[in-house]
Structures are given as structure tokens and as C-alpha cells.
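Work through the exercises below with the sequence and coordinates at hand. Each task is followed by a solution in steps.

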Amino acid sequence: MKKTTGLFKFLAAIVFLGIGVFVGKTFFANKYSEATIPMPSTMQYRNVGFTTDTTQMAQKEDFNGKVIEVKSGSSIQAAVKEANPGDLIRVFPGTYSENVYIDKDNISLQGVVINGKWPTLDGKKKINDAFLYSGNGILIENFKIINYKGNGIMGQAGNNFIIRNNWIIDTGVYGIFPQYGKNGLIEHNVLSVIADAAIYVGMCDNVDVIHNEVFDNVAGIEIENSRHCLVENNYAHNNTGGILAFVTPGLPIKTTFDVIIRNNFIVNNNHENFGAPGSTVAGIPPGTGILIMAADDVIVENNIITGNDNAGITIVDLTNGDPKANDPNSEPNPDRVVILDNIMYNNGNNPTGELKALMLTQMDTKGPDIFAYGGGTGSTIRDKNKYRSFGIDNYGPAQITDTKDITTFMLPEPVAPRSVSDHELGELTYYGICAGCHAFNSRLIGVPTNIIQAIHNNNPQGIVDYISNPKNLREDYPEMPPQNYLSDEAKMAVAEYILALKE
Amino acid sequence: MNKKKYFLQFSVLVVLAVILSFLVAGKKVTSEYEEVFLLTNTCPPGFKLNDKNECVAQNLYKLYTTENDPGVGGLKSALPKARDGFSPQQIDLGRYLFFDPALSGNGTISCATCHIPSKGFSDGLATSIGMNGQKLDRSAPSLWNVAYMKLFFWDGRASTLEEQLEGPLFASNEMDNTPENLVKTMNSFEEYLQMFAEAFPNRDTKDQIKLEEIYTALTAFETSLISLNSKYDQYAHGYQSALNKKEIEGLNVFRSFVARCAECHTPPLFSNQQIAIIGTPEPYGLPLDAGAEIPFKDSTLRGGFKVPSLRNIEKTAPYMHSGNFATLRETVQFYTDGRGHAVPKGEQLRIHWHIWEPNLSDYELDRLVDFLKTLTDESFIPKIPPTVPSGLTNAIK
């Protein structure tokens, strides 16, 4: 009896517990609400000279825009269209098959991952790019991006960008590709199965690429024709080439210099090369850990570089590295490369092509930890004897021991848009647009400017109203097309400029 | 002193002009007063006159700065530095010279013969026609926005406009002139003697016209041809309704890394001013044009040509260096037909890495054409002089 009571009590407890959980879940848990909405953590600027111990910020943008939510079944692009600079677009779990383009400044796009479910952009191998942006101050975080033809995220001339926490698989040519941007952060992204570079920093300045995982790509991380870049704490494995710093000839920006490759794991990058024929990376031999081609002032420090079957670090000039393209304005040699402490072993187990032939001339069947071939001067190395190497006989001892003074290459404050006075805006608009039809005191197509002055004397708003909604007032002149493409600010600036204009 | 002289000369000229026009008007009631070639003292549209009598380029792209080198892509990007600062008189004199067949050896061809304003400053021909109907090897490049260019000719062999214009002026199959004869001819026209004296006031008014002055005036006019107010530009400056849905789709194809158009045709100039080998076919029967290989004496540049700007591209058919493609649609089709597909057998061209197989759909190609047509803007097209100072016939209307 006692036993039975005990068992009963136990069962009852279980049942009540079950009911409790059920009731609790039903009445108190709302799957899709959160206690707090994480604001987009826009860029924060640390004062130069602060130690890393402080949380003090020199400058930081406060969020005061509006929040636009995108739920499964609706369009992210529609939200971008609605958004104004400073706004946050929050995208909830669901599959979005679209190309999102952002031709506005200061827009944040934030995926909301719930219960392991990601907002997913799926290009279905039909759509070119997931995100294309040209604005400054763009933030893109927490998205899963799959099956695009071109890029996961591509930027064109946008400064002050943040791209982070994205999970990108097979998005075509590049995963994350900021081009022509200054001052950016690419962190905590995971990228795989990209046919060129997973993370490609192209013709940029002052970009940090940190804490990313890149694998199963042709190139893991590529710093190309870019300056002042930090590649740190990344895990690059099973790519054809792990981390690359190089100059591609024939581009309008000709140089790569001031690059630090530090504290990365660059392991087993032996994937077969599936790059598109003719692309620069198609020539990278499988088994390449780090590749430095024609880039100057690259520092390689404290990396773990193991299991790369061709060579741990390859340093080449353009003639040997990329003999396809020619550009007399690209300086072809890697100069002043600095190799500091790195852990390297088990590299070169299966060298290919040119390197294999070269090693055979040394009576060696293995590739080296460090392989330098071709031109270049001023390169140095710390503790040269540690590594198996080829072609670094002319490397002198390194003049530095570490780069700990450099914590970031991002700028201490955002790149500011050029600010122009109203007068200047008015002047540029008048001569750049209005002057096509209006001369000061003679007739071109429209009425002379001095007549406009007489009509709208002291009344710039009159001009603004007219150019927004012109009326054909004169039979002897053609009707003016509305100038609605000008911003309100530009309309008022040009109206005031016109009224103040003297011949 | 010089300035005083110039003013004196100018006022005498004005008085003479007025008297002459009265005389002419008195005799015949036609619009013959254009024959008095007075140079304007105002800048063409897109330029502001400064206090040194220089025309300075002004446009909305001056609102932007790129921390990177200018002219390399994106919407709100700065342009490269313009070649500007010519006087209104020099620009206007250049306009007359540009349309005057007196610049050619036998007085039959002007610059405008091959650079026709209404045809995007090209001529609508696959390859241009030169002296005595000779068929030339390449098509006439557009002159819009050359103020921002650093490389001239299809093969990029000139780096200034002055250097460039010597080419057609003195090529025997083009304008077939010689420097000596050009100077002699120009100095034989009283009208030009006066106009040059006015456009170049820092010398004695009785001085002969110099070759450099002819070059400067032509350069001044060419650099005044500005096209930066297209629908695309309105979109780029922030007016999101400037382009319709299809045109925006086209823009997104254009700048995507699948089609990669914008990689070489970088906004806002729509050229990165580099030499690129893309392997376009020659029209039937023509041998491969070696392009930049010849002037640069570099076999790796075989088949390479300057990346042309795409502004007003709608107006300059047919396309490519020898005009093999009649329409924009055929032209964009070329880029998706496969890397090197049109390279003649036995040629080993170093095709540019951006030429690949983007597998663009017909729909995407149509949208690209839609977008390219948004780059049309001829709002600052210059006036064609009805008559030219030499008295020769200007056939271009």
C-alpha cells in the first residue's frame, strides 16, 4: 500500500509537472516575441590611444530611426524602399528569394534568428546577388544566404560598412565582397562552397576581417588591391588557398600594401580548384596556405599554418603568379614582406606543378613551409631556421618582433560624407543642370535667368514650387519638365542661388 | 597693357561688326549676320566662369568625394579630375574649327564628319570613312565627357587630346593635312586671324596663328561636351523614381558580379580607362585588329582596346572597335556567349578575367539594354554653326 501510494504520488507529480509545462508554454510563451529588441549595434569608434581594457567610446551613432519588420512571405526590398537613412530593417525567419539592393545611406538590415531558424535568402541558382549596396553606413547581419549566382553580399563604393554573423553557402563567385569601400568590418561570418573568394576585399582601404570561418572555397579570404587591412583570428580550412594578399593587374587601383595576417588558423587547404577558367584564382595550386602575390608590406604573424599540401606560405611576383594579365602600371614584385612567429608543420606533403618540379631540383619531394619565387626586395623573417623554406636566402632578420600596437586598421572616426554649403549645392545644381536651358541674360531654351529673378524676386519658394510643378506660362517657350528628381534641399539651394546670381 | 589692347581690339571689332551687319542687313534681308564670327563670352552649360575668364566644370558629382581614387564605381562617387579652365572664347573658337572642313588637306572633311553631334559624336558607321571615301579600320569613338579621360584612341595610344587630334588631322587616309599646311591655311582667313587673336589675348594681335593655338581651341571645345544629366544620374543622386522597374533590374544586372559590366565600365564615367582584351569578332572579312599591341609594342596586349565610356551609348551604334554589332542587344549578347568564343583560330589572346560565361537569360539581356538607354543625356549638346569662318560648306547639320 505504502509503495503504491509512493508510486501514485510520483506519477501525480509527473502529471502535474506536465500540465504545468503545458500551461506555461501555452499561456506565457510567445514564440515570436522577445523581451527586448536588440538595436543595431552601429559602428563604435574607440579613441586612438585608449587601451583595449576600456569600454570608453570616442564616437558612436545612437539609434533613433524607425524599425521596419519583414515577416516571411513579404519582401525585404519593399522594406528597403520604405526605409529612410537611420532605419533598421528586421527580417524574421523565412525564405526570401530576392535581390536586395540598397542605394541609400545608413540602413541596417538585421536578421532575427529564432529557435535556430534563420531568415534565409535563397537565390535558387537563378538570382545574381542577395545584397547589393552602394550606400555608406550599411550594416548587414544574421542572414543565411544560399544558392546565388554572383555574390552573397556585394558593396560598391560604400564606406563605413559592417557585415557580420552571416552564414553564406554557395553564392556563386564571392560570398562577401566589398568593393571600393573605406573603413569596414567583416566579422563572425561563416562561408563555404564559393567558386572564387569567400571573403573578397577588393580595392578597399581600412578593413578588418576578423573571426570568420571559411572552408570548401577556392579562396578563403582575399585582400586584393586594398590597403591597410587586418586579417585576424580567422579559421581557413579546406579551401584551395586559405588567405591571399595580392595585386590583380588591370584594375584602376594598382596597389596592395600594409596588410597584417595574424592569429589565424590556416589548416588543410587542399580543396581541388573549382575556380572559373580564366579567373585569377583558377591558377592557385591546391594546398596553398597563404599566398602573397605582388603585395607589399604584408606581415604574417602568429598563425597556425599546417597540413597545406603545396606550401604553407607562397610569395610570388606577378610574372610567376599570374602570367595571364599584363599591366605596365602594376608593380609586379612583393616587397618588404615580414614573416614573424608562426607555427608551421606538415605542409607540402603533395606539391603540384611548378613547385613540385622546383623541389625535385632540390632532391626533395615535399613542398616547403615557405616558398618564395620571383622578384621582390626588402623582405625579412624572424627565426628563419625554424621553417623548411625555398627561395628566402635573401630575407634578412625581421626588424620588429610583433605588431601588438596595431589593434585595428579601422578608422578612429567614420569617413564623413563630403559636406557642401547650400551656396555650393545651389551653384553645382545651377551650372550642372539649369544652365542647359537657362543663360543669365539671353535666351537658350528657357527664359533668361534675370527674368526668373524679376518674377520671383525675394521668393525662392516660388521657384521651388515652379520647378516642382511647372506651368506653361509663355506661348513662345517650350514647357519646362518638372525637376522633381532634385532633393528639396537642392531645390531650395538652387532657388536661392538663382535669386542671388549676378552676371 | 595686353588687356587694354585686347579691349580696344574687341570694341573695334564690335563696332565693325555692327556696321557690317547693318550693311549686310541693308542689302539682303537674309539671316547672313551669322557670318560675323563673334566669339561668345559665356561658358557653355555645365561650366561656371571664374574671375580669370576660365570655364570650370560644375556638376552634381562634385557633391561627392571618394576616399578611394575617384571614378572607380558606385553611385555617389566622384568623377576623375576634369580637364577644364579654358576660356569661353577658346571653347567657342574650337566649336567653329571642329565643324570647319578647312582643317583637312583638301577642305572636304571636318572633325564633325566622323564625330556628328546627333550621333553621339560618332558617325553611325561600323568603321569611319576618311579622305576620298577611304574606308578606315576602326569606328569613330564618342567625344562625350572626354574632359575626364586620360587615354585616347581605341588602342589608347594618346594620353592627351592634343596628342590625339594630331592623329586624324595628319593621317593620309583621314583628314590628310600637314602641320605646315594647316597653319598656312588658317592664317589665310582674316576671320580666323581675328578670332584667334580674341581667343588668345596674351599675345600680339597681329601674330600669326600657331599650331598649338589650333590644338588648344579644339581641345577646349571637346572638353566642353558634358553629359551627366541622364535618368541614371538622377537615380544615382538619390531620386529613386528616376528609373522604372525594368531599368533598375537592368542596373542590378549591370553591376552584379555575374555580368560584371560595372567592373570595367565603372560609374560615374562608365569606363575605368584601362586597356582590356575581350576578344570581340571583326566584321566579316577583316583580319584581327591587334589593338594596343601595336603602340605599346607588347604582345600580351594583343587585341586589347580601351574600355569606352557607355554614356550616350544608345546613340553610337554600331558597336565595338570595328562596329561588328549593329545593336545594343547583340553587343550585350556577346558577353554571355562564352569566354573567347569569337577569337580566330590560332590566336592566343589573353582574354580579360572578367570575360566568362555569366549565363545571362534573354530577359536579363533585355533589361541590360533598358538600363544602357538610361545613360542618354544630350541636354548640353552644342549648337552647330550654320556657316564656318573659312566659307567652306559644313555638311553636318
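**Exercise 1. Cysteines without a partner**

Task: Classify B:Cys261 as buried or exposed, and find how far its sulfur is from the closest cysteine sulfur.

Solution. The model is a predicted one.
- Step 1. The relative accessible area of B:Cys261 is 18%. The limit for buried is under 20%, so B:Cys261 is buried.
- Step 2. The closest cysteine sulfur belongs to B:Cys264 and lies 9.5 Å away, which is too far for a bond.
- Step 3. Apply the same reading to B:Cys114. Its relative accessibility is 14%, so B:Cys114 counts as buried.

**Exercise 2. The disulfide**

Task: State how many disulfides the structure holds over all chains, which cysteines form the bond, and what its handedness is.

Solution.
- Step 1. Over all chains there is one disulfide.
- Step 2. Its partners are B:Cys43 and B:Cys55, with 2.1 Å between the sulfur atoms. The cut-off for a disulfide is 2.5 Å.
- Step 3. The S-S torsion of B:Cys43 and B:Cys55 is about -90°, so the disulfide is left-handed.
- Step 4. Locate the ends. B:Cys43 sits in the loop between helix 1 (2-27) and strand 1 (47-49) of chain B, while B:Cys55 belongs to strand 2 (residues 55-57) of chain B; the two are 12 residues apart and link distant parts of the chain.
- Step 5. Both B:Cys43 and B:Cys55 are buried.
- Step 6. B:Cys114, by contrast, takes part in no disulfide, and its nearest cysteine sulfur, in B:Cys111, is 9.3 Å away.

**Exercise 3. Salt bridges in chain A**

Task: For the pairs A:Glu187 with A:Arg164 and A:Asp369 with A:Arg388, give the N to O distance, the location and the burial of each residue.

Solution.
- Step 1. A:Glu187 and A:Arg164 form a salt bridge through their side chains, at 3.6 Å from N to O.
- Step 2. A:Glu187 is in strand 16 (residues 182-187) and A:Arg164 in strand 13 (residues 161-164) of chain A, 23 residues apart, so that distant parts of the chain are linked.
- Step 3. A:Glu187 and A:Arg164 are both buried.
- Step 4. In the pair A:Asp369 and A:Arg388, the closest N and O atoms are 3.9 Å apart. The cut-off is 4 Å.
- Step 5. A:Asp369 is in the loop between helix 4 (353-361) and strand 33 (370-373), and A:Arg388 in the loop between strand 34 (380-381) and strand 35 (389-390) of chain A; the pair therefore ties together parts 19 residues apart in sequence.
- Step 6. A:Asp369 is buried at 3% relative accessibility, whereas A:Arg388 is partly exposed at 31%.

**Exercise 4. Salt bridges in chain B and the total**

Task: Describe the bridge between B:Lys315 and B:Glu378, then state how many salt bridges there are over all chains.

Solution.
- Step 1. The side chains of B:Lys315 and B:Glu378 are joined by a salt bridge of 3.6 Å, N to O.
- Step 2. B:Lys315 is in the loop between strand 4 (304-306) and helix 12 (328-334), and B:Glu378 in the segment after helix 13 (362-372) of chain B, so parts 63 residues apart in sequence are tied together.
- Step 3. B:Lys315 is partly exposed, at 32%, and B:Glu378 is partly exposed, at 23%.
- Step 4. A network of salt bridges links B:Arg138, B:Asp155, B:Arg157 and B:Asp289.
- Step 5. The count over all chains is 31 salt bridges.

Key. Residues are numbered from 1 along each chain as its sequence is written. Chains are lettered from A and ligands numbered from 1 in the order in which they are written. This is a predicted model: local features need pLDDT of at least 70, side-chain atom pairs count only at pLDDT 80 or more; totals for chains, interfaces and linings use all residues. Side-chain values use heavy atoms; hydrogens and water are left out. Helices (H or I, at least four residues) and strands (E, at least two) are DSSP runs, numbered from the N terminus. Buried means under 20% relative accessible area, exposed over 50%, partly exposed in between (1.4 Å probe, protein chains only).
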